[in-house]
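Biologist: I'd love a close look at one part of this model, and in particular at how its charged side chains pair up. Please take me through it at your own pace.

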Amino acid sequence: MKKKIIIGLGIFSLLFLLGGIYIITTIETATSKLDNLVKLHQIELLREHLLIQIKRVQSDLHLKSTRYARGIDTVITHVRNLDTMIDSCFQCHHSEDVLDMLTNVRLNIQDYKYSLSRIFTISANTSRLEAEEDRAFKTGEQLRIKVEDMIRMATINLEKKTQIALKNISNTKTILYILVTIGPFLAAGLGFIFIKSLTKPINVLLKATRRLKSGDLDHRINNLTDEFGEVAASFNKMSDSLKYSMHTIKESEERYTDASKAAKLGHWERDLVNQREFWSKEMYNIFGTDPNTFEPTFDNFIRLIHPDDRQSIVDSFNHSILSRESRSIEARIIRPDGKERIVESKALYKSDGNKEATLIVGTIQDITERKRNEEALLRSHIMFTTVLDSIDTIIYVSDIDTDEILYMNYQAKDVLGDLEGKIRKHVFQNFCSNDKIITPERQPRPEICICEFHDTDHNRWYEIRVRAIEWMDGRIVRMEIAHDFTERKKMEANLRRAEQMRLVGEWAAGLAHEIKNSLAGIKISVEVLSEEQGLTEEDRATVMKAINEIKRIEFLLKSLLNFARPPELHFTVTDVNTVLDHTIDFSLKQLPATSKDTTRITVQRDFDKNLPETMCDALQVKQVFMNILLNARDAMEEGGTLDARTLYIKEDNTILVEISDTGKGISEKIIKKIFSPFFTTKSKGTGLGLAITKRIITQHDGTVQAENRPGGGALFSIVIPVKMPPGYKAL
Amino acid sequence: MRKILISFCLCIVIFSGCTKTETTLSEEVKEPAEKPLLIGLIPEHNIFDQIERYEPLAHYISKKIGTKIKLTVLPRYGNIVDNFVSAGMDGAFFGSCSYTLAHAKLGIEVLARPVSDDGLSTYYGLIFVRKDSGIKTVKDVEGKIFVFVDKATTAGYLLPLAYFKRNGIKDYKTYLKETYFAGTHEDAIYDVLNKKADIGAAKSTVYYRLADRDPEIIKNLAIIERSPDVPENALAVRKDLEKSIKNKLKKALLSMHNDPDGKNVLKDFGARQFLETTDDDYANVYKYAKEIDLDLATYNYIND
């Protein structure tokens, strides 16, 4: 085609060039011929002028001696004109003959001039003068004839030349007319053929393109050659690939639809410039709307959002448009059928250049199931960690080879510190080595390795259970469970001690009983002895001393027996306030062991009037109060204040009795030992008072505690539960 | 397709419009209409050659002084004295004799005269015959035809008169067969050469100027008498001419050999420079006139 166009244009250009050249040359020739003619005519004119000028000079000559004679200046001008004219003849190009002729004429003119000058200047006799004048006239006549001949000759020539030139010009004119008439037709004809050869294949292509546009992908172009053939081939290829692409697109669209359906992923677009919205099919499925009736505008979309989430959605959309950041938003939607779903929206903002966002494309994914699964998973995770972290047992998991701690529960972290991710070998012990928990094939052994471990630094006892388990990632790991059983261990020791004490007590009671009987005999014997008259005062005093010591042993034995073999309790309904009140009065009337002045002790009673009666052994309770009160009295040797307070604690249904003094208080070193038997700070104490107190309260299912008051002095608190016999009603 | 056609047509239109002709207006510069200086010329050579010889000089001078100069040729030497006033001439190149006549009659004032290439500012008169005429002495002249130039020329008439007087010829008209006035020095020389006359008189400058062009003159003519030196043809102006113009003319002439253009004009004219000239330079002419008993004031200079 290119070749065709080039050839066509070449032919056109050549035709125009040739035509142009022909026209220009013919016009040039014609004009130059005309020019020549004009020049020839001018020459003709010049010659005529020359002739006229000669005639004029001749007439000047004729008139010279008459009264019409012209002035010498005029004659000179006329003659000089002759010179000028003949000189101008020589300016043109002439043939040799003409040049000779002209030279001849010029010589004649010179001769004529000479003769003329002579007759104007000479002064001589008439004959000489006339001879000169004749000569001048003759010369002038010769000149005239010569010029006339020349003119005649030239005229004939000129006529011939004129005719030839005119004929030539008329021929040229005819040819030009023909050219001018035929030229456009020829050009138009050629152009038509040329254009036809161009437009025909273009029409074929156009038609094919239109068919392609209308969706006919099977149309193919045939029978085109040249570049159009190439275009047609490309077109056919394009159709093929378009068809293939359409097929691929359809397939991928189907895949996309299936995938988005499976993923519950909808796709939407929002044209901010034209305010147009697009929803993919899955969008309607997610929102449970009918694509035929639902219009996917932003307002309609917002209406489907849960009212609580609407504002946050609008805010985040606006923020995203302004900041042009793509962000993911989770929101609840309420479908037209009332079902609530959770969706995740992602949006990408597109813009032309760097101006405002013009298009938002985004996805909406129904993540309800995932969300629910996540929540369930989270719940089970929380449950798991809550349970594990609530156990007061250390549980941790470590890599069997590297000893990296993989997991620790709260208790483990609390005791051992957070070691997760750190390498620790033999956290507690090295008894349960790897070979005890895994087989040589590195499989977990079914049996659990158990050992005890005593943390001597903290004096704690642990029961450690070790086993190999399969970890989340499939590897075999070591799991150690360390249970702190220190308290149980202590309890067991206490039990053993109590048992020993009981045995000792029984043994001591038996012994005391035996001693008591013997001592009763000794006492009676000594008393009898003391009443002997013959005794000196000194001996009597010694015997009395012995009796006192025997009494003291008796008391000691009685106490021992009382402690070792406590009396059986007799529960009666008792008012604790009354018992306490009587005991205070009685105990303060007792002579103090060391003090001489008891009046300085002030007693403050703060009894709860609503204190209920309870089932208790009043005598034993009195004993308890007595023991505490006597200690208080002893502590306040220099006097002080004794506070006695009772309180009914309704919530626990217990009675609280607090007795405090302002004495020296209890040393912190011994405060824990004061309830132990045989522990005393008094020189003559048995060390059994508070031990008995504690035992009595314990027998009443209560507790007794001793502490130092911040302001000085000791405080004893007794709590006993309120107990009533079945069917008993308070008065 | 249509576009291609349109652009093709456009190309044709554009190319065909490229033959534009330009026209220019020519303006003629008109010189101020001022009365030109009219300068007369005497017929030293034939009248056509004479005017051609002086035209470049006149053109140059007019350009220098800023006043147009018109030349006019007079067919007779004597005419210049008569016509000087009547023709309204402002000045003329006078021959030595015609100057003295015009000075005596009209009181004209001489300004300058040319110096020839040889350094001469003077000429002299010659009397010559053909070598083959056999004329050797004044006796041989008897009965012959004598050609003068003009009664108002030193060389062409005063010299022959002095020649006749010196040789004791009282009336040359009876002594000679015929005498006539050729009017120009050139014609006088050629008339003798062409045997129209047997003996002639002319001025030396013309004689040798023609001899340069025509070797026949030296070859065939013999000089038998010569006059004393007299000043070469000089420019003299009417005495009432504006002094400024007079000065300008004088200055232009006297300085033209210093100007390249002027130098060229001088060269074509056949002179080296112009020399300041006063009436005193004409002492020889006055003396000569006296010798031949010529009263310039009353002299009839019209040819018989």
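Modeller: Happy to, and let's start with the outside of chain A. In this predicted model, the accessible surface of chain A comes to about 45,200 Å², and carbon and sulfur atoms hold 56% of that area. Of the 731 residues in chain A, 35% are buried. The chain has 16 helices and 17 strands. Among its contacts with a separation of 6 or more, 58% are between residues 24 or more positions apart.

Now for the charged pairs. Side chains of opposite charge can pair when their charged atoms come close. Over all chains, the count comes to 57 salt bridges. One of them joins Glu148(A) to Lys55(A), with the closest N and O atoms 4.0 Å apart. Glu148(A) sits in helix α4 of chain A and Lys55(A) in helix α1 of chain A, so this pair ties together parts that are 93 residues apart in sequence. Glu148(A), at 22% relative accessibility, counts as partly exposed, and so does Lys55(A), at 40%.

Further along the chain, Arg478(A) and Glu480(A) form a salt bridge with their closest N and O atoms 3.1 Å apart, and both residues are buried. Arg645(A) and Glu658(A) also meet through their side chains, at 2.7 Å from N to O. Here the partners lie in strands: Arg645(A) belongs to β14 (residues 640-649) and Glu658(A) to β15 (residues 654-660), so the bridge ties together parts 13 residues apart in sequence. Arg645(A) counts as partly exposed at 29% relative accessibility, whereas Glu658(A), at 19%, counts as buried because the cut-off for buried is under 20%. Some bridges also share partners: Arg118(A), Glu132(A), Asp187(B), Asp191(B) and Lys196(B) are joined into one network this way.

That network brings us to where chain A meets chain B. In this interface, 25 residues of chain A are in contact with 28 residues of chain B. The two chains bury about 2,500 Å² between them, 58% of it on carbon and sulfur atoms. Five salt bridges are counted between chain A and chain B, and Arg128(A) and Glu178(B) form a salt bridge with their side chains, at 3.0 Å from N to O. There are also 13 residue pairs in polar contact between the two chains, counting pairs with both residues at pLDDT 80 or more. On the chain A side, α1 (2-63), α2 (72-91), α3 (96-121) and α4 (126-213) each supply at least two of the touching residues. The largest share, seven residues, comes from α3(A).

Terms used: Residues numbered from 1 in each chain as written. Chains lettered and ligands numbered in written order. Predicted model: local features only at pLDDT ≥ 70, side-chain atom pairs only at ≥ 80, totals over all residues. Heavy atoms only, no water. Helix = DSSP H or I, 4+ residues; strand = E, 2+ residues; numbered from the N terminus. Buried < 20%, exposed > 50% of the residue type's maximum accessible area, 1.4 Å probe, protein only. Contact = heavy atoms within 4.5 Å. Areas by Shrake-Rupley, 256 points an atom, 1.4 Å probe, with all protein chains shown as cover. Buried area = accessible area lost by both parts, 1.4 Å probe. Polar contact = N/O pair within 3.5 Å; in protein donor to acceptor, adjacent residues only side chain to side chain.
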